[in-house]
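The following paragraphs lead through the structure shown here, from individual helices to the packing that joins them. The reader may wish to keep the coordinates open alongside the text.

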Amino acid sequence: MSDEPLILGIESTCDETGVALVRGTELLVDRTATSMDQYARYGGIIPEIASRAHLESFLPTLDSALAEAGVGLDQVDAVAVSAGPGLVGSLTVGICAAKALATGLDLPLYGVNHVIGHLAVDKVAEGPLPRRFIGLVVSGGHSNILLVEDIATDVRELGGTLDDAAGEAFDKVGRLLDLPYPGGPHVDRLSQQGDVDAIRFPRGLAAGKDKERHKYDFSFSGLKTAVARYVEGVQERGESFSPEDICAGFSESVNDSLTAKAVRAARDTDCDTIVIGGGFSANSRLRALITERAYAAGLTVRMPPLRFCTDNGAQIAAIGSELVRAGLPPSDWDFSPDSGMPLTQTYMAPAVSSALAS
C-alpha cells in the first residue's frame, strides 16, 4: 500500500471541520472539530457562526492530524476538498485553505462532491468498493438513490426526495415533540423504546400511479404533517400520547420507504451490492431493516461505521483518492463553491480548453 498516493482531505461543508489522510484504502488519520454545540439555542445551524468556527479550527485540526499520522506536508501527493453541496461560507473557508496548501506545496487539487464522499468513505472501513453498486445517500439534506457504475467517473441519479430529506424530517418531528437539538438522534433513541405497530403512519409515494411514476423517489413532508395532526388530535381530545410510539411509527414509515426502494433499485439494475452513506445512515432502524431486506433479497449491504456517518475528512480524502486512481486531471484553480452541486458530478473537472474543444 506504500506505493499508493497520499491524499489530504479537507471537509468544511457545514459545522464540522475535518482533516484526514488516506493512502489507497488505508486511513492514516481522521480528525474532526465540530461547532454543533453552538447551535442548540438557535435550533439550527447559523452559517456565519459555522464559517467563523472553520476559520478558527482549521489550522489546529490540520496540525493535530499531521502529528497523529507522523506525516509531513511534504509527503502529501494531492489535496482534495469539499466543493459542494453545502453552506457557501463554510465551503469557501475549506476551499481557500486547500488552495493555499496546494499552491504552496505545488500539488494537484481536487474540488470534490461531498455527498459522493459519503459513499466513498466505506472503502477505508471495508476495503475497495465494488465497481458497480446502488448508493443510498441519506442525510439532513439528501435522500437519494444512485446507480454507481464507477464512483470516480459514472454516477447516475435514479431518484431522490421531492421535499424533505429523511434526516430533515426526523429533526422536524424532534422539534414537534420538543426534543433537544438536533432532534434526529433523539427521535431514533425514543423509537427504540416504542411499539412499532401502535401507530401506522402513511408511506409517501407508495400507492396508485405514484408507486411506478416515483418508484425510486421519496416524500416525507406529508408524513411529518401526519405526525403533527396526530399529536394535535390527541391534545384536542385531552388525551396523553406516547412520544416513544409516535417516534417508532414515524421511524418505521421513513425507513420502510428508504429500504424498500433501495432494494428495488438493486434488483431492477442487477446490482448485488447496496452502499449506504450520510448522517442518517447512523439510524438504528435503517441499519437493521436494510440488513434484513438485503439478506432476504440475496444482496450485500455495506454501511460505514458510525464515526464515518457524520461529515468527516476521511470521506473527502477517500473520493479524492478514487479520482486520482482513475487518472482524472485536477480541478482548475479558479473553481468556486457550489452549494447545489449535482450528485452526478463527482468533482470540479477542469474546463476543456478552446483549442481542445475545436
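The model is a predicted one. A convenient starting point is helix α6, where G183, G184, V187, D188, L190 and S191 are buried. Viewed along the axis of α6, these buried residues fall within an arc of 165°, so they line one face of the helix. The elements against which that face packs are α5, α9 and α10.

Helix α5, spanning residues 166-176, can be read in the same manner. Its buried residues are A166, G167, A169, F170, V173 and G174. Because they cover an arc of only 160° around the axis, they sit on the same side of α5. Their cover includes β7 (143-150), α6 (183-191), α8 (221-236) and α9 (243-268).

The connection between these two helices has backbone features of its own. D178, which follows α5, lies in the loop between α5 and α6. Although D178 is not a glycine, its phi is positive, at about 60°. With a relative accessibility of 70%, D178 counts as exposed, the threshold for that class being over 50%. P182 is found in the loop between α5 and α6 as well, and the peptide bond leading from Y181 to P182 is cis, with omega near -10°. Another cis peptide bond joins G84 and P85, where omega is about -15°; P85 belongs to the loop between β4 (78-84) and α2 (88-105).

Helix α9 has already appeared as a partner of both α5 and α6. Is its length consistent with the number of its residues, or inconsistent? At 1.5 Å a residue, the 26 residues of α9 should span 38 Å, and the end C-alpha atoms are 37 Å apart, which agrees. Of those 26 residues, 19 are buried, so α9 is largely enclosed by the rest of the structure. Just after α9 comes D270, with a positive phi of about 60°. D270 is not a glycine, and its place is in the loop between α9 and β9. At a relative accessible area of 68%, D270 is exposed.

The packing around α9 leads to the nonpolar interior. In soluble globular proteins, nonpolar side chains tend to be buried together. Here the largest nonpolar core has 40 residues, and F250, V254, L258 and I274 are the members that touch the most others. At least two residues of this core come from each of β6 (133-138), β7, α5, α6, α8, α9, β9 (273-277) and α10 (284-297). Helix α9 makes the largest contribution, nine residues. The surroundings of L258 illustrate the packing: leaving aside residues up to four places away in sequence, L258 touches L136, V138, S143, A166, F218, F220, F280 and L286. Apart from this core there is a second, separate one of 25 residues, among them L62, V76, L107 and L109.

Aromatic rings supply a further view of the packing. How many aromatic pairs does the structure hold? There are five. In one of them, the ring centres of Y110 and Y347 are 5.8 Å apart and the planes meet at 45°, so the pair is tilted. Y110 belongs to strand β5 (residues 109-113), whereas Y347 is in the loop between α11 (313-325) and α12 (354-357); the pair therefore ties together parts that are 237 residues apart in sequence. Both partners are buried: the relative accessible area is 5% for Y110 and 6% for Y347. F218 and F220 form a stacked pair, with 6.0 Å from centre to centre and 15° between the planes. F218 and F220 are buried too, and both are contacts of L258.

F170, F250 and F280 form one aromatic cluster. F170 is among the buried residues of α5, F250 is one of the residues with the most contacts to other members of the largest core, and F280 touches L258. Finally, a charged side chain also meets a ring: K99 lies over the face of F335, at 4.8 Å from the ring centre.

Key
Residues are numbered from 1 along each chain as its sequence is written. This is a predicted model: local features need pLDDT of at least 70, side-chain atom pairs count only at pLDDT 80 or more; totals for chains, interfaces and linings use all residues. Side-chain values use heavy atoms; hydrogens and water are left out. Buried means under 20% relative accessible area, exposed over 50%, partly exposed in between (1.4 Å probe, protein chains only). Helices (H or I, at least four residues) and strands (E, at least two) are DSSP runs, numbered from the N terminus. The arc is that of the directions from the helix axis to the C-beta atoms. Contact means heavy atoms within 4.5 Å. The expected span of a helix is 1.5 Å times one less than its number of residues. Rings of Phe, Tyr and Trp (its six-membered ring) pair if their centres lie within 6.5 Å; planes under 30 degrees apart count as stacked, over 60 as edge-to-face and the rest as tilted. A charge sits over a ring if NZ of Lys or CZ of Arg is within 6 Å of the ring centre and within 35 degrees of the ring normal. A nonpolar core is a set of buried Ala, Val, Leu, Ile, Met, Phe, Trp, Tyr and Cys residues joined through side-chain atoms within 4.5 Å.
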